[in-house]
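Reader: Hello! I am new to this structure and would love a close look at a single part of it. Could you walk me through the largest nonpolar core and what surrounds it?

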Amino acid sequence: MYHWELNFITFFPIVGALIILLPFIAKEHAKWIALFTTIPPFFVAIMMYLNYDIALAGINDANSMQYVINFPWIEKFNIHYSMGIDGLSYPLIFLTTLLCPICVLAAWKIDKMPKGFFSLFLLLDTGMAGTFAATDFFLFFVFWEVMLLPMYFLIGIWGGPRKEYAAIKFFLYTLFGSVFMLLVMAAFYIKTGTFDFFELMAKSKEGVFGTFEVGGFQFWAYLGLFIGFAIKVPMFPFHTWLPDAHVEAPTSISVILAGVLLKMGTYGILRIIYPILPEATQYFATTVAVFGAINILYGACCAMAQKDLKKMVAYSSVSHMGYVLLGMSVLSVNNPAGMTGAVMQMFNHGTITAMLFLLVGVIYDRAHHREIEGFGGLASHVPVYAGFTTFAFFAALGLPGLSGFISEALIFVGSWSTYPTITLWSVFGILLGAAYLLWTMQRVFMGKLNTEMKHFKDIVEISGREKLTLIPIGIIVLALGIYPKPMLDLINASVGRLLEVVNPAVAEQVSQVIK
Amino acid sequence: MPETITQAITSELSRNIQLSIWILLLPLFSFLIQIIFGKKMQAVNPAFATILPFAAIFSGLAMSTVIFTDLVVNRYDPNHLEVWDFSWVFFAIPQMKISMGIMIDNMTAIMLMVVTLISSLVHLFSFEYMKGDPRFSRFYAFLSVFSFSMLGLVLSHSLFGLYIFWELVGLSSFLLIGFWFEKDTAADACKKAFLTNRIGDIGMFLGILIVFITVGTLVLPSIGESEGVYALVEKGELAGTMLTLAGIGLFCGAIGKSAQFPLHVWLPDAMEGPTPVSALIHAATMVAAGVYLVARIFPILTPDSMLVIAYIGGFTAFFAATIAITQNDIKKVLAYSTISQLGYMIMGLGVGAYSAAFFHLVTHAMFKACLFLGSGSVIHAMHHALHHLHDHHTDPQDMRNMGGLKNKLPITYGTFLIATCAIAGVPFFSGFLSKDAILAGSLAFSMSHTSHFILPVFGFGAALMTAFYMFRIIWMTFHGEPQKKEIYDEIHHENPIQITLPLMILAGLSFWIWWAPKDILSFIVGANAENSWFLHLIALPKIAVAETHELLEHLEHYTHAAHIPATVISLIVAGTGILASYLMYQKKSLSADDWAKRMGILYTLSFNKYYVDEFYVNVLVKGFLLNLNNLLAWTDRVIVDGIVNLTASLTVFVSKISGLFDKYVVDLLVNASGFSMRAAGMVLTFFQTGKAQNYFAFTVLGILALLTMIVM
């Protein structure tokens with residue numbers, strides 16, 4: 001049976017981009033076209049969920065991937081156009097298709113070259129969806145790079161005062177990482193003659209890459225790929241492009257950046273590094289855990305020191321992505337909680353941070369500044385906006401009943417058994433997280449209304465369109481917080497398989513015990 | 001000691017479980033409707049906005065009464081237990097899962113009763129107290145979400161469920177303390193409450209992690225085949241130091257929530273919330289959740305963790321009482337009194353007086369809610385008087401502005417006096433029974449372990465001070481000459497029935513009669529807790545730790561011996577405290593000011609709450625945390641990012657050098673420099689059109705070119 005869904009999700013936006021670029025399309029219509037080309041993929045994603053078989057694991061088994069599309073593309077080099085999803089990639093594809101229409105709505109008021117903006121945005125959408133869907137390393141890399149260029153222009157042209165600096169920093173930093181990725185990809189190809197993920201995994205299991213040794217091929221391949229992905233996460237100390245990019249980027253681009261692009265780093269690690277280089281993964285696991293803890297604490301402390309609201313949220317992303325790193329460093333077959341939490345946290349952070357950036361955008365559109373100290377007492381002036389923000393802040397600080405809590409708790413449940421000391425430190429992240437969020441909330445919303453603040457007259461209640469961007473995400477955050485089963489069902493099989501692949505020896509024992 | 005808890009497990013939902021689900025969900029439903037439509041309803045009529053919250057909580061009260069009657073009156077079985085369980089979080093391996101569920105035993109039934117009763121009365125009280133507030137409907141929405149969270153907390157059958165609702169009551173507390181967020185003090189207080197609690201929660205979370213990782217479940221009782229935490233600890237799956245650490249970790253949560261030293265600082269500030277909230281959350285129910293938690297984990301406590309609990313509780317009881325005697329704000333006195341009383345309960349659990357501690361939780365909930373609502377009644381009257389006088393500077397909560405109010409507020413006075421007698425430990429009041437039982441427990445503990453003699457000293461010392469500062473409130477507020485005549489004259493009549501009815505009900509429940517009688521003899525003799533129905537139903541659970549079991553059996557020998565001395569001493573200290581406050585504040589034969597001077601530094605320390613807040617704020621937060629944050633942010637900007645920028649500059653520098661080399665060396669050799677540079681410039685100008693469409697096209701072309709190059 002021919003599956004068209006992933007092709008549709010990936011390439012339908014680009015059709016919209018091309019339509020927008022037609023000379024007779026008025027620039028006022030660009031946003032409508034963008035909206036109508038980002039909504040259908042979302043419905044297709046929902047449709048895919050309804051027919052998704054949760055028993056199939058994917059990861060290293062091409063036969064249990066779903067919605068597979070596979071045909072030769074560049075036969076000379078054995079490059080395939082192959083796509084497919086499993087529990088690891090589906091939540092992120094869903095996230096992408098969810099956030100894209102929301103971002104179009106958030107960018108509704110863009111009046112500087114809207115045709116350019118929305119066509120680049122749709123190209124970006126294609127790049128993102130393609131990256132998560134690809135099951136061929138070459139195809140993955142192509143989409144990865146496709147995503148980079150529109151991002152550069154979107155920040156560089158529609159950004160804030162220091163947009164050029166931020167855009168070039170983002171571009172060069174990511175490019176720097178992709179160079180390593182390209183090298184490792186080429187090396188893999190030379191050793192195996194294939195770009196296909198599943199064949200690479202199989203070849204790796206056969207021992208084509210030799211045994212792992214410090215300074216050997218696997219060691220360097222791991223580091224090369226890991227740096228490429230870690231920049232995207234962003235992992236300390238490669239994170240400084242993030243606050244700059246966020247502060248300069250327009251709201252909807254920040255949402256995409258934090259909501260989707262950061263996940264590509266952790267997704268890449270789980271999709272490519274873990275199953276292809278399991279021994280190196282084992283070797284570096286503790287290091288990853290340590291960096292996860294550093295991200296959590298360092299990001300939170302930096303967030304608390306920020307004076308710019310958006311920078312604060314940007315650093316909170318650094319902190320929250322640290323939880324993902326910590327969770328995925330737990331490689332125990334017997335305790336999948338950490339990995340489950342990490343995969344879930346990727347999705348949950350995507351939704352929660354999207355809300356945070358949308359909310360920052362709402363106030364920035366009105367006040368034209370983001371100085372935390374420049375507000376005060378807004379809760380009595382714009383109570384509905386304050387209500388939405390309270391919801392998002394409490395989701396971000398991991399309040400039970402909202403989705404972030406479940407993933408964070410699972411990550412700690414996982415990491416405690418393997419790294420008790422690192423966990424002991426990381427748990428303070430939940431205190432620091434509450435501290436910077438509540439302190440910000442106090443300074444922006446509480447106290448006596450500061451009628452002297454800049455552009456006070458322009459600060460009006462949140463509009464219907466803005467509510468429309470927040471409510472769908474809010475519903476998902478709440479629903480998954482109360483009833484996480486649908487999400488867990490989706491990812492469980494793949495997480496279990498991933499852990500087996502990373503622990504071949506232990507998995508063998510376990511299966512023998514069961515027999 | 002009772003036999004094993006019967007494992008009465010229901011596969012389908014029993015009637016009590018069904019009722020409890022309704023009790024739990026109705027306030028949640030009320031909250032959701034209220035938060036979305038409340039404003040519109042309030043615009044129509046403020047009373048309209050309260051229908052749903054009232055309906056939810058009063059039907060909750062009715063259903064709780066049904067459960068209570070069933071368990072307490074019909075069954076009268078100390079071991080009765082009903083559990084309902086469903087799996088909530090599933091993992092890739094089937095044997096690992098986290099479940100949620102409901103557990104109903106006598107303790108739950110009593111807690112349900114306490115929470116719904118006091119919540120209902122507070123709903124009623126607030127109707128008058130909060131009248132005219134612009135966020136009236138929002139207030140009821142928050143009360144509803146609190147009721148939901150608190151009921152969930154007492155119904156949960158697992159540590160995970162407890163933790164979830166634990167955080168949610170923290171949220172409701174945050175929202176209600178910060179209800180008047182325009183005041184900076186309220187904004188500070190709600191943030192402080194949440195964050196201080198989070199510190200304790202970290203310990204609790206780690207405790208939960210230890211339990212879950214070691215025994216693989218968080219459900220407390222065993223359900224059919226699957227064994228719960230109690231049973232698994234009894235089997236020795238978690239023991240020794242790890243069990244002690246788990247116990248202390250879980251107890252950290254109680255230190256935060258029940259405002260024990262050193263995390264007590266948030267509770268006095270929490271009085272910034274509306275007074276009914278203080279009564280409901282910060283006196284009767286939520287702050288007692290810590291005690292409830294310790295009672296729930298009591299079977300798995302080791303003797304070491306019990307000792308930690310006893311000392312924290314005992315010290316807090318004493319420490320907070322020494323602060324309460326010098327405060328002038330009526331709510332602050334009550335707040336420190338609450339901390340002190342919670343310390344009693346915690347100490348009671350620590351010394352093994354399990355039933356007594358829970359007993360005190362319940363009696364305290366009644367009389368402390370009464371005291372807080374009574375103070376609310378006084379403040380309400382004062383506030384109105386000041387409002388009429390257009391006086392916005394006088395503090396309506398300062399007792400130095402009151403005096404003689406018993407003539408103006410007779411019902412408030414009467415009920416306040418009854419509740420004061422209860423908390424001070426006067427015979428024939430509920431507090432006498434429960435406090436006496438805890439004190440007897442601490443005395444028994446020190447008799448068997450003489451090195452811990454300080455625990456009963458803390459206990460009796462706190463009892464002495466409690467009697468003193470509580471009657472100090474009575475004399476200063478209700479007796480004597482009015483301190484501010486103009487305010488006094490402006491108070492015309494007692495508050496309306498919505499305010500006085502809750503006071504009368506709660507005062508009525510502060511008599512011993514509800515708790516004592518099992519047979520007519522003890523009804524008349526009164527002063528004996530041992531025959532009370534309460535202590536029959538809340539009997540010591542089956543202890544899972546062998547050492548603790550031995551310890552408690554050992555203690556039992558001393559309990560009877562300690563009972564009479566404890567009663568005598570507590571009567572003496574209560575009498576002394578009341579007498580001292582009478583002489584000092586009513587008869588004025590002892591001068592309070594002179595005594596303050598005589599105490600010197602001790603008075604200053606007490607008056608300034610031992611400068612604990614100042615230490616936390618200036619040293620830990622401003623001195624350490626904020627500086628650390630700024631240092632890290634500076635490091636991030638200057639060093640980490642500096643390296644990135646330096647690398648970039650170096651690259652630019654190197655490429656410029658190579659560019660110069662190119663220009664002056666290579667090009668000279670080729671001798672075509674002029675042409676090539678100009679050509680390149682023209683080509684680049686062509687690309688830099690400033691039109692996004694073109695950039696887009698170039699991007700696509702570039703990608704295609706890249707692909708072609710690789711493929712070729």
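Author: Happy to! The largest nonpolar core has 448 residues, and those with the most contacts inside it are Val291(B), Val294(B), Ala357(B) and Ala369(B). Such a core is a set of buried Ala, Val, Leu, Ile, Met, Phe, Trp, Tyr and Cys residues joined through C-beta atoms within 7 Å. Buried here means that 20 or more other C-beta atoms lie within 10 Å of a residue's own; with 12 or fewer the residue is exposed, in between it is partly exposed, and the C-beta atoms are placed from the backbone. Helix α14 of chain B (residues 354-388) gives the most to this core, with 20 residues. Domain 1 (1-275) and domain 2 (277-515) of chain A both contribute residues too, so the core lies between them.

A word on the ground rules. This is a predicted model, in which local features need pLDDT of at least 70 and side-chain atom pairs count only at pLDDT 80 or more, while totals for chains, interfaces and linings use all residues. Residues are numbered from 1 along each chain as its sequence is written, and chains are lettered from A and ligands numbered from 1 in the order in which they are written.

Let us start at Val291(B). Not counting residues up to four places away in sequence, Val291(B) touches Ala254(B), Ser258(B), Leu342(B), Met345(B), Ile346(B), Leu349(B), Ala357(B) and Leu361(B). Touching, or being in contact, means that the C-beta atoms of two residues, placed from the backbone, lie within 7 Å.

One of those partners, Leu361(B), lies in helix α14 of chain B. Helices (H or I, at least four residues) and strands (E, at least two) are DSSP runs, numbered from the N terminus. Leu361(B) counts as buried because it has 31 C-beta neighbours inside 10 Å. Beyond four places in sequence, Leu361(B) touches Ala288(B), Val291(B) and Met345(B). Leu361(B) and Ile110(B) are 251 residues apart in sequence and 11 Å apart in space, C-alpha to C-alpha.

Val294(B) leads to another residue, Phe251(B), which is in contact with Val294(B), Ser305(B), Val308(B) and Ile309(B), leaving aside neighbours within four places in sequence. Phe251(B) lies in helix α8 of chain B (residues 240-257) and, with 30 C-beta neighbours inside 10 Å, counts as buried. The C-alpha atoms of Phe251(B) and Val308(B) are separated by 9.2 Å, with their positions 57 residues apart along the chain.

Two covered helices of chain B are also worth a look. In helix α10 (residues 275-284), ten of ten residues are buried, among them Pro276(B), Leu280(B) and His282(B). The buried residues of α10(B) pack against α3, α4 (136-155), α5, α9 (266-269), α13 (330-350) and α14 of chain B. As for α3(B), 23 of its 24 residues are buried. At 1.5 Å a residue, counted for one less than the number of residues, helix α3 of chain B (residues 106-129) should span 34 Å, and its end C-alpha atoms are 34 Å apart, which agrees.

Now for where the two chains meet. The contact takes 42 residues from chain B and 58 residues from chain A. On the side of chain B that touches chain A, α6(B) gives the most, with 13 residues. That side divides into 30 nonpolar, five polar and seven charged residues, where Ala, Val, Leu, Ile, Met, Phe, Trp, Tyr, Cys and Pro count as nonpolar, Asp, Glu, Lys and Arg as charged, and the others, Gly among them, as polar.

Finally, chain A itself. Chain A is divided into domain 1 (1-275) and domain 2 (277-515), with bounds that come from an automatic or database domain assignment. The centres of the two domains, taken over C-alpha atoms, are 21 Å apart. Their contact takes 50 residues from domain 1 of chain A and 48 residues from domain 2 of chain A. α10(A) gives the most to the domain 1 side, with 15 residues, and that side has 37 nonpolar, eleven polar and two charged residues. Chain A has 21 helices and two strands, and 63% of its 515 residues count as buried. Among contacts in chain A between residues at least 6 apart in sequence, 80% join residues at least 24 apart.
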